[in-house]
Amino acid sequence: MTRPRVRSSPDPLYLAVRRNFFWGFMYRFYCQDADFSKPHLTISDHHEIHHIKDVLRLKDGALIQIFNAKSEQADGTIENIKESAILVKIKKVTQAKPQGSKIVLACAPPKKGKFEFIIEKCTELGVDEIIPLKTKRTEVIFNEERMKGKLNRFEAVAVNASKQSKRFKVPSISPMTSLPQVLKNLDPQGLHLFPSLHQNPKQIVEVLLKAVEGQTITIFIGPEGDFTPDELELAIKYGCVPVSLGDTVLKVETAAIAVVAAVKFLCRN
């Protein structure tokens, strides 16, 4: 009687090298303060060490990519893996190309944890800064104590989305900020989009086609029930442009993703 053939698990390094060869794919890791000016880099972040060593089970010789908070990315080879540190030899360093217009999203968090979904998708689309927006009708409010834990979670979502989308830069995420405070801090030379169902808003495409190259574009997304008329009036005083997103009423997460995508394709490409 012949024994059944037992299949051995493919070696993780073999799979990684084969994937690199055929698809140009490398696992990406984020090291905020990484210095690529030296020939070697030590990864000390315990989350990334766990991911490399225990989740992906990469070995010495594996090819990886590392990006930092300076919009730099390095291709490297793992030389040594220890419990508390991973030594990487730097092979090639790339600086991110200028993106043109800076995109800022000030969005009222919707219910049921959908703000993380907004962060993920808008990070993939290239947003540079995300501000949880407090308005008169915002239902999800993060107080100071709750915001600390939420910020850590939001930043982790942004990092993972940046890895997946091959972005060089992780967007910054601010603490929850009131609408009047965000309006006071607006770039006076920027373009400020204020989607609203009130008054007679302009068509968003017409407004974006007139944007100046390199101009900071701030997108305001209101809560369920929209901004109040008083908030709209205040925004106009600070130079915001009321815009229409079409004939249908969109949910918060749909509106945020749709406007960020429109800004990216009309003002960056």
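**Around K163, helix α2 and an aromatic cluster**

Hi everyone, let's start with one lysine: leaving aside residues up to four places away in sequence, K163 touches R28, F29, Y30, E48, H51 and F67. Before I go on, please keep in mind that this is a predicted model. K163 is located in helix α4. Is K163 buried or exposed? Its relative accessibility is 15%, and the cut-off for buried is under 20%, so K163 counts as buried.

Two of those neighbours of K163, R28 and F67, also have an arrangement of their own. R28 lies over the face of F67, 4.3 Å from the ring centre.

Another neighbour of K163, E48, takes us to helix α2, which spans residues 46-55. Which residues of α2 are buried? They are E48, I49 and I52. These three cover an arc of only 100° around the axis, which puts them on the same side of α2. As a reminder, an α-helix has 3.6 residues a turn, so residues three or four places apart point the same way. H46 and H47, on the other side of α2, are exposed.

What do the buried residues of α2 pack against? Their partners are the strands β1 (27-30), β2 (40-43), β4 (72-81) and β5 (86-95), together with helix α4.

The ends of α2 are worth a look too. At the N-terminal end, D45 acts as the cap, with a side-chain oxygen 3.0 Å from the backbone nitrogen of H47. Just after α2, R57 takes a positive phi of about 55°.

Now to the aromatics. How many aromatic pairs does a search of the whole structure find? It finds five. In one of them, the ring centres of F115 and F154 are 5.3 Å apart and the planes are at 65°, so this pair is edge-to-face. The pair links distant parts of the chain, as F115 belongs to helix α3 (residues 115-125) and F154 to helix α4 (residues 144-165), 39 residues apart. F115 and F154 are both buried. Ring pairs also bring in F142, so that F115, F142 and F154 form a cluster.

Let me finish with the whole chain. The protein chain has eight helices and 13 strands, and 45% of its 269 residues count as buried. Among contacts with a separation of 6 or more, 76% are between residues 24 or more positions apart. The C-alpha atoms fill a box of roughly 80 × 50 × 35 Å along the principal axes. The chain exposes about 15,400 Å², with carbon and sulfur atoms supplying 51% of that area.

Conventions:
Residues are numbered from 1 along each chain as its sequence is written. This is a predicted model: local features need pLDDT of at least 70, side-chain atom pairs count only at pLDDT 80 or more; totals for chains, interfaces and linings use all residues. Side-chain values use heavy atoms; hydrogens and water are left out. Rings of Phe, Tyr and Trp (its six-membered ring) pair if their centres lie within 6.5 Å; planes under 30 degrees apart count as stacked, over 60 as edge-to-face and the rest as tilted. Helices (H or I, at least four residues) and strands (E, at least two) are DSSP runs, numbered from the N terminus. Buried means under 20% relative accessible area, exposed over 50%, partly exposed in between (1.4 Å probe, protein chains only). A charge sits over a ring if NZ of Lys or CZ of Arg is within 6 Å of the ring centre and within 35 degrees of the ring normal. Contact means heavy atoms within 4.5 Å. The arc is that of the directions from the helix axis to the C-beta atoms. A polar contact is a pair of N or O atoms within 3.5 Å; within protein, one must be able to donate a hydrogen and the other to accept it, and residues adjacent in sequence count only if both atoms are side-chain atoms. Accessible areas come from the Shrake-Rupley method with a 1.4 Å probe; for residues, only the protein chains shown count as cover.
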